[in-house]
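Visitor: Please take one part of this model and go through it closely, starting from a single loop residue and working outwards to whatever lies around the other places of interest. I would like one connected account rather than a list.

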Amino acid sequence: PDGTPVVEARGVQANGAVRPPGGVADLLTAVEARSRGGGKDQDQIAVRVITHADGTTAYIVDIPGTEHTAPPARSIHPQTNDLGTNLRVLGGDVTTRQRAIAEALRLAGAGPTDPVMLVGHSQGGMVAAQAAHDAGTPSFDFDVRSVLTAGSPIGRVDIPAEVQVLAIENAYDVVPHLDSRPNDDASNVTTVTVRVQHGSIGENHGLRLGYLPAAQTVDQSDDPSIAAFRAGADPFLVGPDEDAGVVVHVYEISRR
């Protein structure tokens with residue numbers, strides 16, 4: 001059973017404690033920090049509220065990857081970042097983890113017309129892609145504009161054309177290939193493939209060694225497809241001279 005979502009607030013970080021994201025590396029760095037904040041014993045996500053100098057706001061959700069790999073059982077597993085979520089989202093299901101993310105967005109103040117970006121590593125990217133597929137429906141009633149994934153098998157998800165997607169994949173990482181098909185070659189889907197070999201499955205898949213260096217390279221690229229993603233992500237990124245604010249709402253999510 002996938003159970004029902006439970007969302008509990010775990011604090012707020014305001015201006016000074018965190019900085020607004022300026023690029024892809026900043027976005028993934030926040031997910032890596034959230035992964036360290038949660039881990040084996042809890043599934044932590046964050047909703048970052050960006051307030052620009054002109055008063056407009058945007059919402060970014062940071063979604064870490066899988067932590068529990070035990071196979072699903074008859075009883076409800078309290079952790080939503082488990083193997084059961086992986087299997088369900090690969091099948092195109094609306095998962096408890098997705099419903100919990102929607103509730104976290106509502107608690108952080110997001111409404112159905114506010115721009116939302118979903119950023120995820122591994123399972124987090126899978127859930128982000130599925131939520132983008134469901135955007136604007138009762139399953140995820142938000143205006144998803146951008147999705148950034150790292151090491152995530154998202155090739156089987158039909159993402160709407162109005163959502164700009166940037167998928168970073170390490171050729172030596174087995175996880176992005178678990179869906180057995182490449183990502184769509186579409187105008188709104190950009191896949192960046194890097195070749196980073198560290199000699200182990202975990203390091204090739206990890207954010208810190210496998211994907212953060214790639215994100216820094218992406219930020220330096222002038223490739224037209226990456227530029228198109230960056231343009232679509234403009235509501236969520238802050239220029240070096242812009243006087244913008246950020247508030248980070250941290251939530252622990254689970255199921256019962």
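**From a loop serine to the helices and pockets**

Guide: Serine 180 lies in the loop between E6 (164-170) and strand E7 (189-194). This is a predicted model, and what follows is computed from it. Serine 180 has a positive phi of about 65°, although it is not a glycine. Most residues other than glycine have a negative phi. With a relative accessible area of 61%, serine 180 counts as exposed, because the cut-off for that word is over 50%.

A second serine makes a useful contrast. Serine 122 sits in the loop between strand E4 (115-121) and H4, and its phi is likewise positive, at about 60°, in a residue that is not a glycine. Here the relative accessible area is 8%, so serine 122 is buried, the limit being under 20%. A positive phi is found at glycine 92 as well, about 85°, just after H2. Glycine 92, unlike the two serines, is a glycine.

Serine 122 leads on to helix H4 (residues 123-133). Of the 11 residues of H4, 10 are buried, so the rest of the structure largely encloses this helix. The buried residues are Gln123, Gly124, Gly125, Met126, Val127, Ala128, Ala129, Gln130, Ala131 and Ala132. They pack against strand E3 (57-63), H2, helix H3 (96-107), E4 and E5.

Among these partners, H2 (residues 83-90) can be described further. Two packed helices are described by the angle between their axes and the distance between the axes. The axes of H2 and H4 come within 10 Å and cross at roughly 35°, and the crossing is left-handed. On the H2 side, the residues that meet H4 are Thr85, Asn86, Val89 and Leu90. On the H4 side, they are Gln123, Met126, Val127 and Gln130. By class, this contact has four nonpolar residues, four polar residues and no charged ones. An α-helix has 3.6 residues a turn, so residues three or four places apart point the same way.

H2 has its own buried residues: Gly84, Thr85, Asn86 and Val89. The elements that cover them include H3, H4 and strand E8 (245-255). Thr85, Asn86 and Val89 thus appear both among the buried residues of H2 and in the contact with H4.

The end of H4 can be approached from another loop. Proline 160 is found between strand E5 (143-150) and strand E6. Leaving out residues up to four places away in sequence, proline 160 touches Ala132, His133 and Asn188. Of these, Ala132 is one of the buried residues of H4. Proline 160 is itself buried, with a relative accessible area of 18%. Its C-alpha atom is separated by 21 Å from that of valine 24, 136 residues apart along the chain.

The pockets tie several of these elements together. The largest pocket has a volume of about 610 Å³. It is lined by 29 residues, and those closest to its centre are Gly65, Thr66, His121, Ser122 and His205, so the buried serine described above is one of them. Helix H1 (24-37), H2, H4, helix H5 (201-205) and helix H6 (207-219) each give two or more residues to the lining. The lining divides into 12 nonpolar, 11 polar and six charged residues.

Before H5 there is a further loop, running from E7, and glutamine 197 is in it. Glutamine 197 is partly exposed, with a relative accessible area of 46%. Leaving aside neighbours within four places in sequence, glutamine 197 is in contact with Tyr172 and Asn204. Its C-alpha atom and that of glycine 210, 13 residues apart along the chain, are separated by 8.1 Å.

H1 has a part in the second largest pocket too, which holds about 270 Å³ of space. This pocket is lined by 15 residues, with Val18, Arg19, Ala30, Ala33 and Arg48 nearest its centre. H1 and strand E2 (43-51) each supply at least two lining residues, and H1 gives the most, with five. By class, the lining has eight nonpolar, two polar and five charged residues.

Technical notes: Residues are numbered from 1 along each chain as its sequence is written. This is a predicted model: local features need pLDDT of at least 70, side-chain atom pairs count only at pLDDT 80 or more; totals for chains, interfaces and linings use all residues. Side-chain values use heavy atoms; hydrogens and water are left out. Axes are lines fitted to C-alpha atoms, for helices over the stretch in contact, and angles run from 0 to 180 degrees between N-to-C directions. Helices (H or I, at least four residues) and strands (E, at least two) are DSSP runs, numbered from the N terminus. A crossing is left-handed if the near helix is turned anticlockwise from the far one by less than a right angle, and right-handed if clockwise. Contact means heavy atoms within 4.5 Å. Ala, Val, Leu, Ile, Met, Phe, Trp, Tyr, Cys and Pro count as nonpolar, Asp, Glu, Lys and Arg as charged, and the others, Gly among them, as polar. On a 1 Å grid over the protein atoms alone, a cavity is a set of points where a 1.4 Å probe fits but cannot get out, and a pocket is an open set with protein on both sides within 12 Å along at least five of seven lines; lining residues have an atom within 4 Å of a point. Grid points are joined across faces, edges and corners, and a volume is the space filled by probe spheres set on the points. Buried means under 20% relative accessible area, exposed over 50%, partly exposed in between (1.4 Å probe, protein chains only).
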